[in-house]
Amino acid sequence: MELSGTEIIVECLKQEKIKVIFGIPGAAIMPLYDTFGKYEPLPFKNILTRHEQGAVHAADGYARATGEVGVCVVTSGPGATNLVTGLANAHMDSVPLVAFTGQVPTALVGNDAFQEVDITGITLPITKHNYIARKVGDLASIIKEAFYIARTGRPGPVLIDIPKDIQLAKGNFNYPEKINRKGYNPSYRGHIKQIKSAAMKIMEAKKPVIISGGGVINANAVPELMKIVIKTNIPVVNTFMGLGSFPTNHHLFLGMLGMYGQYTANQLVSNADLIIALGTRFDDRITGNLNQFCPQADIIHIDIDPAEIGKNISIKIPIVGDLKNILQQLNNFIGGKEHNLWLQELQEIRAKDPVSREDNDPLLHSRFIMKALNELFKGEAIIVTDVGQHQMWAAHYTRVNYPRHFISSGGLGAMGFGLPAAIGTKIGCPHKTVICISGDGGFQMNIQELATAIYNRLSIIVILMNNGYLGMVRQLQELFYDKRYVSTLLAGNPDFVKIVEAYGGIGFRVDKQEDFFPTLEKASRKNQFVLIDCHIPAEENIFPLVKPDSSINQMIGVD
Amino acid sequence: MKHTIAILVEDLPGVMARVAGLFTRRGFNIESIAVGHSEIPGISRMTIIVSGDEKVLEQIIKQLNKLIDVIRVRDIPAENIIERELVLVRVHVDSLPIRSEIIQLVEIFKAKVVFVERNTMTIEMSGDEEKVGGFLNLLKPFGIREIVRTGRIAITRSSKNGLKV
């Protein structure tokens, strides 16, 4: 059957059972959008965002929330370069994405044509792989391969650049059934000898801690992790990306680890004699000073990406493979443990943890807001955050009981992620309550996506933590730059309620603590897009924290 | 420590950029990179000389293995290796005695004169790093006009250690 390149793309997306794409048309991708217009019906939803960065973040949020591959479609040149932040973001956090970019016709490639850019060259270091389609006959196999690479092994973003003439050319459509790339064979089965010696180590350990990372969520290994914890009573800390891999209200949950982590988690990891690290890459925000990172502990590291093992710290027992698989096997080799003494030590440390302390601050502050969210939504809502102080407050205080219920930009820390990611999340999980926690800084980095959300009738609740500052930077200026507040005061902020209303949504402003809960309740009943502009104290900081280059057990702001 | 890394890659556009880019962006020190067709259609062999300790080497190999177009990567131990580099060198020749002196050197080093002008000779020479270095050092006093080197290529001594698909 002869099809045009663009028809081949649509047929491939159909084969991949893609339900939604996010994007913006432009000259070099016009043939594809034109084909969308001819399909009756189009086999997937086509969401127009207001900026390409919005499209890629939305696709990212969709992928994180659903576990499926997110798809975005943009034009050449500026359309393509606007994807850069989003691709880097997905790459750092191992999110499966496929991005289609239009390209100038093959005859013009390399000539500095209008809206031409070497997007495969630009995205080389921020994609898992990328392609430029040079023949219409290659399109189907490239797309098949792209989706396969994006979702298998360690997931990641894949970009496909398609020149305009290739979109228009005719070719045979044959969707390949199998992929055969000699250089791509992710290993799923762990080495059995290593698994056995890991089990032995676990049974011998007196002070073991499990570090559960984003890989646990990606591998859908949450039940397997829980089984092991129930059997062995080993306490669990989460990395930031691992939030949701273990219920935050479980008595063996210690909190988040790292620079902005929680006191209990950092102390326990520092005192441990065995670390069982699952699907984490020992980012510097996790380890603090590498030389002082859990000095007494042997480390078992399980990860699907062999390059992560030994990259930052030396590992006693490395196991490469699929976490679900390996934890299942590991479970067969370990027996029950009590760890009473160790858990007693945990209780003593926890008593000093400022995060678990009650406070009677009457102002509308972060903890109060997060706790109100817990009270109303009982850990059932999906929390999407932007980047900044509010993100860390959310990580500390919101209850996250399920995987894929805490969606946030981890590795890249891309401000502007929150709103578009919440759009992708809501489209992926229409029956879930989606809460977007954002700051006044980050929110304005993709504020135009209000149109996308409201036009598509997405009932998202935005909690805007408005302190009139780039809060996280302001805090760093306060602590480490002698309080010289340069370029962090967000003078000229708009009236966010009016902004949201102008787009057709609902806005509330809250200044006082007692008004927050009733407003939140009201917002949750609206079943529409609602923004709650929360005016929080400008000076509120995120504590405790670890000074850069310090050991993670030396935390500022504990007392 | 210098290491010789042998790589098999799919012969696709941009592979060289992917491999070289990886070294730059991860801060690995690359000394020489050479690539050419292998005995298998569609697959090329690369030889990369890098310096770094064992830890760096391990990361380089792991990161290279992550590239989709890379099929195999191996660090070849020095004792197990045959290395060659091809060099073309144009040397200044201003008198007949000097010409014969250079021709003597060419014979000793089993090099080859490939082009002669009134004032220069162009010589082709191949060998391991030491031999190439020694030869160029001896030519230096005559006045070297131009040097073009291929970078090193390497093959294992024994077929049982060879890098296969």
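Author: A residue counts as buried when its relative accessible area is under 20%. The model discussed here is a predicted one.

Reader: Which residues of helix H5 of chain A are buried?
Author: Helix H5 of chain A runs over residues 84-92, and burial there requires a relative accessible area under 20%. The residues of H5(A) that meet this condition are Gly86(A), Leu87(A), Ala88(A), Asn89(A) and Ala90(A).

Reader: Against which elements of chain A do the buried residues of H5(A) pack?
Author: The chain leaves this helix with a local feature of its own, since just after H5(A) the residue Ser94(A) takes a positive phi of about 55°. As for the buried residues of H5(A), their packing partners in chain A are helix H3 (52-66), strand E5 (97-103), helix H6 (119-123) and strand E7 (157-163).

Reader: Which element gives the most residues to the lining of the second largest pocket?
Author: This pocket holds about 1,100 Å³ of space, and 39 residues line it, with Asp305(A), Lys62(B), Gln63(B), Lys66(B) and Leu67(B) nearest its centre. Elements giving two or more residues to the lining are H5 of chain A and, from chain B, helix H1 (15-25), helix H2 (54-66) and strand E4 (70-76). The lining comprises 16 nonpolar, 11 polar and 12 charged residues. With four residues, the element that gives the most is H2(B).

Reader: Is the crossing of H1(A) and H7(A) left-handed or right-handed?
Author: The axes of H1(A), residues 5-15, and H7(A), residues 139-151, come within 9 Å and cross at roughly 35°. Gly5(A), Ile8(A), Ile9(A), Cys12(A) and Leu13(A) from H1(A) meet Leu139(A), Ala140(A), Ile143(A) and Phe147(A) from H7(A), a contact with eight nonpolar, one polar and no charged residues. The crossing of H1(A) and H7(A) is right-handed.

Reader: Is His405(A) buried or exposed?
Author: His405(A) sits in the loop between helix H17 (389-397) and strand E16 (406-407) of chain A. Leaving aside neighbours within four places in sequence, His405(A) is in contact with Glu380(A), Ala381(A), Ile382(A), Ile383(A), Val400(A) and Lys432(A). Because its relative accessible area is 9%, His405(A) counts as buried.

Reader: How far apart in space, C-alpha to C-alpha, are Asp361(A) and Ile217(A)?
Author: Asp361(A) belongs to the loop between helix H15 (340-351) and helix H16 (366-377) of chain A, and its relative accessibility of 29% is why Asp361(A) counts as partly exposed. Not counting residues up to four places away in sequence, Asp361(A) touches Arg367(A) and Gln513(A). Asp361(A) and Ile217(A) are 144 residues apart in sequence, and their C-alpha to C-alpha separation in space is 36 Å.

Notes:
Residues are numbered from 1 along each chain as its sequence is written. Chains are lettered from A and ligands numbered from 1 in the order in which they are written. This is a predicted model: local features need pLDDT of at least 70, side-chain atom pairs count only at pLDDT 80 or more; totals for chains, interfaces and linings use all residues. Side-chain values use heavy atoms; hydrogens and water are left out. Axes are lines fitted to C-alpha atoms, for helices over the stretch in contact, and angles run from 0 to 180 degrees between N-to-C directions. A crossing is left-handed if the near helix is turned anticlockwise from the far one by less than a right angle, and right-handed if clockwise. Contact means heavy atoms within 4.5 Å. Ala, Val, Leu, Ile, Met, Phe, Trp, Tyr, Cys and Pro count as nonpolar, Asp, Glu, Lys and Arg as charged, and the others, Gly among them, as polar. Buried means under 20% relative accessible area, exposed over 50%, partly exposed in between (1.4 Å probe, protein chains only). On a 1 Å grid over the protein atoms alone, a cavity is a set of points where a 1.4 Å probe fits but cannot get out, and a pocket is an open set with protein on both sides within 12 Å along at least five of seven lines; lining residues have an atom within 4 Å of a point. Grid points are joined across faces, edges and corners, and a volume is the space filled by probe spheres set on the points.
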